Amino acid sequence: MNFIKLQTLSLSRKIICRKTLHINVLCMLNHGSSQVHTTASINKQEIISEALVKEISKLSATVKLLKLEIKDDKFSFKAGQWVDMFIPGVPVVGGFSICSPPHLLQASRMLHLAIKYSNHPPAHWAHTQCKVGDSLHLRAGGKFVYDPDPVTPCSDLVLIAGGVGINPLFCILHHFLHVHNLQRDSNLKGTSKVVLLYSAQSPDELIFLNELLLLSENYDNVTIKFFSTKERVKEDHFITNGRIHYQVLESILKDTGLTKGQVYICGPLSFIETMQVYSKDAGFSKDCIFIERWW
């Protein structure tokens, strides 16, 4: 009897905790935060799902990777989108781009976020308080979306990332290759290519570096170039000192034969503005250039 009472008490506490989490999420939505207000006009999913922290790892000295299990089967997102993050005890709603592809969520109900350290409460919580087993809530949204028709050959892609702006582009790259593999297996002819230009202050801050190098080795249609903007390194085939300049973009496009397609840019505002100009000068039309601003 005592064992049954303990089980009932434990279950009751779990139900109370989940109800409290739900109330906290509603309060944050009603009273708002900078993330909620800034993105109010942007399309978002209706589903707000509980998510459990299953694994935490360090991608660099300033970036942590959270692997989250999504509890609501109706929760979904498109490549390139971000999530509103509702954290118990944190009155501010976080906004973080998703770095894992949609097919990972479909296969395993897992979603990954790479979060850079800052004093912003949600990011600070992720680096200083978050632990395996913690529960939070997520809602997907955003108009920075890569969603190709699976039965039509993909357009060529140019992905340009600055710092942790790699997050949505890493997701897009994986989704591009996932669709490409499905089309190849279905004997759908296509020679779509993707170019990724990725800059960070130092090689240590080039998160996902090894995974990206592996992708470039395994796929003939993937070209990747890294840039170290502050810390000087020994240059090689993949990494260059300095910033991404127009001549670099022009040269890579010429070498790969990529003359048209879609451009996706994410990073700090000044970086985005410069890369937009470079992309237009390289011949890409305005309606084929997509940007994700940081607020």
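The second largest pocket in this predicted model comes out at a volume of about 500 Å³. Its lining is built from 23 residues, and the ones lying nearest the centre are Gly162, Gly163, Gln201, Thr229 and Pro268. Two elements, β8 (194–200) and α8 (269–281), each give two or more residues to that lining. Of these, α8 supplies the largest share, with 5 residues. Sorted by class, the pocket's lining breaks down into 12 nonpolar, 7 polar and 4 charged residues.

On to Ser192, which sits in the loop that runs between α5 (166–185) and β8. Ser192 counts as buried because its relative accessibility is just 7%, against a cut-off of under 20%. Leaving aside residues up to four places away in sequence, Ser192 touches Pro153, Cys154, Ser155 and Asp156, along with Phe176 and Asn221. With Cys154 there is also a polar pairing to look at: a polar atom of the Ser192 side chain lies 2.3 Å from the backbone oxygen of Cys154.

Zooming out, the protein has 8 helices and 12 strands. Buried residues account for 48% of its 295 residues. Among contacts with a separation of 6 or more, 72% link residues that are 24 or more positions apart. As for the surface, the protein exposes about 15,400 Å², with 53% of that coming from carbon and sulfur atoms.

Note on methods. Residues are numbered from 1 along each chain as its sequence is written. This is a predicted model: local features need pLDDT of at least 70, side-chain atom pairs count only at pLDDT 80 or more; totals for chains, interfaces and linings use all residues. Side-chain values use heavy atoms; hydrogens and water are left out. Helices (H or I, at least four residues) and strands (E, at least two) are DSSP runs, numbered from the N terminus. Buried means under 20% relative accessible area, exposed over 50%, partly exposed in between (1.4 Å probe, protein chains only). Contact means heavy atoms within 4.5 Å. Accessible areas come from the Shrake-Rupley method with a 1.4 Å probe; for residues, only the protein chains shown count as cover. On a 1 Å grid over the protein atoms alone, a cavity is a set of points where a 1.4 Å probe fits but cannot get out, and a pocket is an open set with protein on both sides within 12 Å along at least five of seven lines; lining residues have an atom within 4 Å of a point. Grid points are joined across faces, edges and corners, and a volume is the space filled by probe spheres set on the points. Ala, Val, Leu, Ile, Met, Phe, Trp, Tyr, Cys and Pro count as nonpolar, Asp, Glu, Lys and Arg as charged, and the others, Gly among them, as polar. A polar contact is a pair of N or O atoms within 3.5 Å; within protein, one must be able to donate a hydrogen and the other to accept it, and residues adjacent in sequence count only if both atoms are side-chain atoms.
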